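Reader: I'd like a close look at one part, please. Which residues line the second largest pocket?

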Amino acid sequence: MKLITFQNKAGESRIGWLQDNAVVDMNLADSRLPVDMLTFIDNHEANFEIINELEFTEPHYLLDEVKLLAPLPNPRSFRDYIGFEQHMLNASKSFGHTVGEAWYEMPIFYFTNHHGIYGPEDEIKRPEGEEKLDIELEMAVVIGKKGKDIKVENADDHIFGYTVFNDWTARAIQKREMTVPLGPHKGKDFANAIGPCIITKDEMEQYRCSISRESHPEHLTMPKNNGDRFDLKMTAKINDAVICEGNYKTVHWTFPQMMERASENNVTLMPGDILGSGTVGWGSLIENNFAVHRPLEPGDVVELEIEGIGTLRNTVV
């Protein structure tokens with residue numbers, strides 16, 4: 001099921017699901033269902049039981065009659081990881097760094113701005129004075145069940161679904177700040193775009209896969225855990241020109257490993273928390289020092305697509 005938050009003809013924010021090229025408003029389908037995504041996630045097991053009781057539901061709107069919003073506009077927290085080795089190698093080289101040994105020992109994350117959430121077709125304002133605005137092509141997981149000290153083998157029980165994530169980045173600001181070894185700061189603070197929908201975890205099972213040395217790029221390290229991957233094409237376009245074609249299966253650190261790391265030492269993950277995968281290899285412009293495309297400018301249109309989920313489209317202003 002592809003769950004969405006949308007604005008209806010009356011300008012109200014509602015939630016529902018996509019049905020072909022149309023939209024079902026779930027509260028109109030059954031008044032017991034909520035009108036906001038966080039409330040739905042908090043009680044999603046009971047809510048899905050109600051949905052499963054429904055017979056075929058006639059859509060309430062055509063897709064072009066509503067405006068899609070960020071599917072979860074108010075996550076409780078937002079961690080972003082660096083899960084792809086190719087991106088780590090590329091970006092480190094561009095910044096003149098080396099990859100620390102700790103990256104190969106544990107998933108590394110930072111907390112990003114869970115209030116700076118944007119959705120499909122939203123305009124992204126370039127930070128004042130920024131000369132190297134960049135994108136990052138990522139997938140994100142949405143937590144559905146409260147838990148602490150979650151083990152990899154139990155992590156799937158805590159997953160609600162997945163979405164496309166653009167980790168907009170001000171590289172000039174970031175480069176200066178990261179001369180202080182404290183991680184990203186204002187360079188990552190201004191915009192996190194997610195959407196166009198949240199695909200429920202059951203829909204992803206058809207893409208589950210393992211990797212082999214033969215299918216893994218020779219210069220990348222084989223991960224310690226070979227499971228919990230999905231064979232999903234990931235594509236980034238700027239002004240209709242393809243700038244990256246990657247695949248999620250090349251990820252080094254998987255979402256269950258990230259969840260284990262985030263929740264260890266008695267830390268609680270809550271329903272509605274989001275974890276970003278990190279950028280797929282070549283999924284940002286910094287990885288070749290903007291050789292594939294100049295830094296983003298007002299008027300540029302960015303489209304990030306992940307197979308099975310959809311396309312997240314935004315315009316820089």
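Author: A pocket here is an open set of points on a 1 Å grid over the protein atoms alone, where a 1.4 Å probe fits, with protein on both sides within 12 Å along at least five of seven lines; lining residues have an atom within 4 Å of a point. The model is predicted, so local features need pLDDT of at least 70 and side-chain atom pairs pLDDT 80 or more, while totals for chains, interfaces and linings use all residues. Numbering starts from 1 along each chain, and side-chain values use heavy atoms, without hydrogens or water.

Your pocket holds about 190 Å³, whereas the largest one has about 590 Å³. Its lining is Lys-2, Leu-18, Leu-63, Lys-67, Leu-68, Pro-120, Glu-121, Pro-196, Ile-309, Thr-311 and Arg-313. By class, that's 6 nonpolar, 1 polar and 4 charged residues. At least two of them come from each of β5 (67-69) and β23 (310-316), strands being DSSP E runs of at least two residues.

Now follow Thr-311 and Arg-313 out of that lining. Both are in contact (heavy atoms within 4.5 Å) with Glu-303, which also touches Thr-235, Ala-236, Lys-237, Asp-240 and Leu-312, leaving aside neighbours within four places in sequence. Glu-303 sits in strand β22 (residues 301-306). Glu-303 is buried (under 20% relative accessible area, 1.4 Å probe, protein chains only), yet it has no salt bridge, meaning a Lys or Arg side-chain nitrogen within 4 Å of an Asp or Glu carboxyl oxygen. Its nearest side chain of opposite charge is that lining residue Arg-313, 4.1 Å away.

Conventions: Grid points are joined across faces, edges and corners, and a volume is the space filled by probe spheres set on the points. Helices (H or I, at least four residues) and strands (E, at least two) are DSSP runs, numbered from the N terminus. Ala, Val, Leu, Ile, Met, Phe, Trp, Tyr, Cys and Pro count as nonpolar, Asp, Glu, Lys and Arg as charged, and the others, Gly among them, as polar. Buried means under 20% relative accessible area, exposed over 50%, partly exposed in between (1.4 Å probe, protein chains only). Lys and Arg count as positive and Asp and Glu as negative; His and the chain ends are not counted.
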